[in-house]
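This report describes selected features of one structure, from strand pairing to side-chain contacts and model confidence. The sequence and structure are shown first.

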Amino acid sequence: MAVNEKIQTGRKFRKLIDEDSRLWLRISFWTKAGDVEFDDGETAESKLSNMENRINGIVTSFQDGVNKIYNKLKGLGFTPAANSPDGICQAIQTIHDTRYTNGYNAGRLQGQEDVKTNPGSFGVSTGIAPEQFTLYMSRSDFDYGEVPLIAPHNGTCYLKFEGYVSYNSAHNANGLSLTVSRNGNAIAAARGIDDGIDVSNGGEKGWRKTLTLPGCTAGETLILTFHHKNGNASWINGIY
């Protein structure tokens, strides 16, 4: 049979225990946690127990995360001084200071050395050093001079040319020209007449020219041909 009861809350009473001093004893109704109910019907005992379980679960989950990070750092050779957030933060700082900063600086220095050793492979042109220039001469009875060029790097190279031709007699103005060939096929060319050099009346002529040589492969041999029909020629050239 169901219990028929009336619940009374918030009651207290006083009892005079010393009439001379007017000392009263305050008495409150004592209630067990299992008797106190929240509006959702759950008792205080049950609710606090569930709250404790939730808090313990949060603490355990947090510690599991800390342990996982600790073990990962330990496996990388940077064991934290303590298995705690502070210890882990210090280990991460050590990684930053040693591997990241030092590694970055070491890589940067190595990169500089690599570029200095072979700038062409990084697309860096440093121009032509004096020792790369070579002096050539060719007599008029050969009509032209032909010399090899060794590509210094991959990609686009450049030919620097400075020539001097002496004609003893009138000459066809279209005869003065430069050609750079790869496997017998011209990849760059120039004519003196296009640069305003008129050799139709003979005489002494100078010519400076830079040619662009596309698609080079480091170490390949290109052929420079300097046409100077009926003229004695001397020139220097360099490839970079």
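## Strand pairing

Glu146 has Thr225 in β9 as its bridge partner. Strands β4 and β9 run antiparallel and are joined by seven bridges. The model is a predicted one.

Both strands belong to an open sheet of four strands, with the order β4-β9-β6-β7 and antiparallel pairing. At the edges stand β4 (144–150) and β7 (185–191); each has a single partner strand, so one side of each has no neighbour in the sheet. On average, neighbouring strands of this sheet are turned by 20 degrees against each other, with direction ignored. In general, strands of a sheet pair through backbone hydrogen bonds, in a parallel or an antiparallel manner.

## Salt bridges

Side chains of opposite charge can pair when their charged atoms come close. How many salt bridges does a search of the whole structure find? The search finds four, and three of them are described here, beginning with Glu162 and Arg208. The side chains of these two residues meet at 3.8 Å, N to O. Glu162 belongs to strand β5 (residues 155–167) and Arg208 to strand β8 (residues 203–216), so this salt bridge ties together parts that are 46 residues apart in sequence. With a relative accessible area of 26%, Glu162 is partly exposed, whereas Arg208 is exposed at 68%.

A further salt bridge joins the side chains of Arg182 and Glu220, at 3.0 Å, N to O. This pair also links distant parts of the chain: Arg182 is in strand β6 (residues 177–182), and Glu220, 38 residues apart from it, is in the loop between β8 and β9 (221–227). Are the two residues buried or exposed? Arg182 counts as buried because its relative accessibility is 18%, under the 20% limit. Glu220 is likewise buried, with a relative accessible area of 17%.

Asp194 and Arg191 form another salt bridge through their side chains, at 3.0 Å, N to O. Asp194 is exposed, its relative accessible area being 52%, while Arg191 counts as partly exposed at 38% relative accessibility.

## Aromatic contacts

The structure holds six aromatic pairs. One of them is formed by Trp207 and Phe226: the ring centres lie 6.4 Å apart and the planes stand at 50 degrees, so the pair is tilted. Trp207 is located in strand β8 and Phe226 in strand β9, so the contact ties together parts that are 19 residues apart in sequence. Both residues, Trp207 and Phe226, are buried.

Which residues form one aromatic cluster with Trp207 and Phe226? Phe161 and Trp235 do, and the four residues make up one cluster. Strand β9 thus appears in two settings, because Phe226 of β9 contacts Trp207 of β8 and β9 is also a member of the open sheet.

## Model confidence

The mean pLDDT of the protein is 80, and 81% of the residues score at least 70. Among the elements of the protein, β7 has the highest mean pLDDT, at 96, and strand β3 (residues 134–138) the lowest, at 69. Strand β7 is also one of the two edge strands of the open sheet. Where pLDDT is low, the predicted coordinates should not be read in detail.

Key. Residues are numbered from 1 along each chain as its sequence is written. Side-chain values use heavy atoms; hydrogens and water are left out. Buried means under 20% relative accessible area, exposed over 50%, partly exposed in between (1.4 Å probe, protein chains only). Rings of Phe, Tyr and Trp (its six-membered ring) pair if their centres lie within 6.5 Å; planes under 30 degrees apart count as stacked, over 60 as edge-to-face and the rest as tilted. Two strands pair if DSSP finds at least two bridges between them. Axes are lines fitted to C-alpha atoms, for helices over the stretch in contact, and angles run from 0 to 180 degrees between N-to-C directions. pLDDT is the predictor's confidence in each residue, from 0 to 100.
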